[in-house]
Amino acid sequence: MSTFLENQNWRYATKKFDATKKITTEDLNFLKEAIRLSSSSYGLQPYKVFVIDNPELRAKIQPVAWGQSQIIDASHLLVFANVTSISEEEIDSYIKNISTTRSLPLDTIVGLGDFMKSKILTLSEETKNIWSAKQVYLAMGNLLNAAAEKQIDVTPMEGFAPEQVNEILGLNELGLNATLIATIGYRHTEDDTQHYKKVRKSHEELFITL
Ligand SMILES: Cc1cc2nc3c(=O)[nH]c(=O)nc-3n(C[C@H](O)[C@H](O)[C@H](O)COP(=O)(O)O)c2cc1C
């Protein structure tokens, strides 16, 4: 079996972390780089990722995250927050980044910016919000895969009240909304769920070959 698939079988959404184990700075940087390199529609990356080690902040978040123990016990907590209303400035800044990174004169790529604006800025506020939140899920996927390669555990989480996490982290003022949480660290030996068999649809159920 490929290492990639072995890692997929190794990983699981950890229910109980070993609170005594911390991720090294080097490993944390590896995971951050995997998130940074994630693909996104147009490459816009319309989100921010908060890396939270601070125990007081985590204690505030736990009650609004279904009281889940991982929020406190994991080595680090990541809050992925999508940009709620993508602006013209956000797109201009991305186009500028392409221009600088690839040493391209701005006027040769202004058309790309105009195209993106015609597609994105014309969406309703609700659709813009949903669209940018979707991009976050790709970054989460990359995090899960990268962490599995390093045998670092991750629990992806939607089990929290976004409005309350927004309030705690002051996200509304930043034009952001908490989309997903990831708790990262090392599984506790007492977490029985690590021994559960993976439950997945069969190939026959999942794939339709045309
Ligand atoms: C978007 C998303 C949200 C999830 N939210 C939670 C959560 O809040 N708490 C939790 O313990 N697990 C959560 N999970 C874990 C899933 O239940 C788990 O990934 C799924 O049952 C498949 O099992 P596995 O990841 O262990 O293979 C979430 C997973 C995803 C992808």
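A residue counts as buried when its relative accessible area is under 20%, as exposed when this is over 50%, and as partly exposed in between. In this predicted model, I130 offers a handy illustration: its relative accessibility is 44%, so I130 is classed as partly exposed. The residue sits in helix α7, which runs over residues 125-149. In sequence, I130 is 107 residues away from I23, and the C-alpha atoms of the two are 32 Å apart in space.

Attention now turns to the ligand and its surroundings. The ligand is surrounded by 15 residues, and those that come nearest are R11, K15, Q68, K198 and R200. Two of these can be followed down to single atoms. In the side chain of K15, an N or O atom lies 2.6 Å from an oxygen atom of the ligand. For Q68, a polar side-chain atom is found 2.8 Å from a nitrogen atom of the ligand. E158 takes part through its backbone, with an N or O atom placed 3.0 Å from a ligand nitrogen atom. On its own the ligand has 620 Å² of accessible area, and the protein covers 66% of this.

What does the shell around the ligand consist of, by class? Six of its residues are nonpolar, four are polar and five are charged. Among the elements of the fold, strand β3 (residues 153-157) gives the most to this shell, contributing three residues.

The pockets of the protein were examined as well. The largest pocket holds about 610 Å³ of space. Its lining is made up of 22 residues, of which G43, L44, Q45, Y47 and N97 are the closest to the pocket centre. Four elements each give two or more residues to this lining, namely α2 (25-36), β1 (47-52), β2 (76-83) and α5 (88-101). Of these, helix α5 supplies the largest share, with six residues. Sorted by class, the lining of the largest pocket comprises eleven nonpolar, six polar and five charged residues.

The second largest pocket contains about 240 Å³ of space. Here the lining numbers 13 residues, and the closest to the centre are Y12, A13, T193, Y196 and K198. By class, five of the lining residues are nonpolar, three are polar and five are charged. Readers may recognise K198 from the ligand site, where K198 is among the residues that come nearest to the ligand.

Technical notes: Residues are numbered from 1 along each chain as its sequence is written. This is a predicted model: local features need pLDDT of at least 70, side-chain atom pairs count only at pLDDT 80 or more; totals for chains, interfaces and linings use all residues. Side-chain values use heavy atoms; hydrogens and water are left out. A residue is near a molecule or strand if one of its heavy atoms lies within 4 Å of it. A polar contact is a pair of N or O atoms within 3.5 Å; within protein, one must be able to donate a hydrogen and the other to accept it, and residues adjacent in sequence count only if both atoms are side-chain atoms. Accessible areas come from the Shrake-Rupley method with a 1.4 Å probe; for residues, only the protein chains shown count as cover. Ala, Val, Leu, Ile, Met, Phe, Trp, Tyr, Cys and Pro count as nonpolar, Asp, Glu, Lys and Arg as charged, and the others, Gly among them, as polar. On a 1 Å grid over the protein atoms alone, a cavity is a set of points where a 1.4 Å probe fits but cannot get out, and a pocket is an open set with protein on both sides within 12 Å along at least five of seven lines; lining residues have an atom within 4 Å of a point. Grid points are joined across faces, edges and corners, and a volume is the space filled by probe spheres set on the points. Buried means under 20% relative accessible area, exposed over 50%, partly exposed in between (1.4 Å probe, protein chains only).
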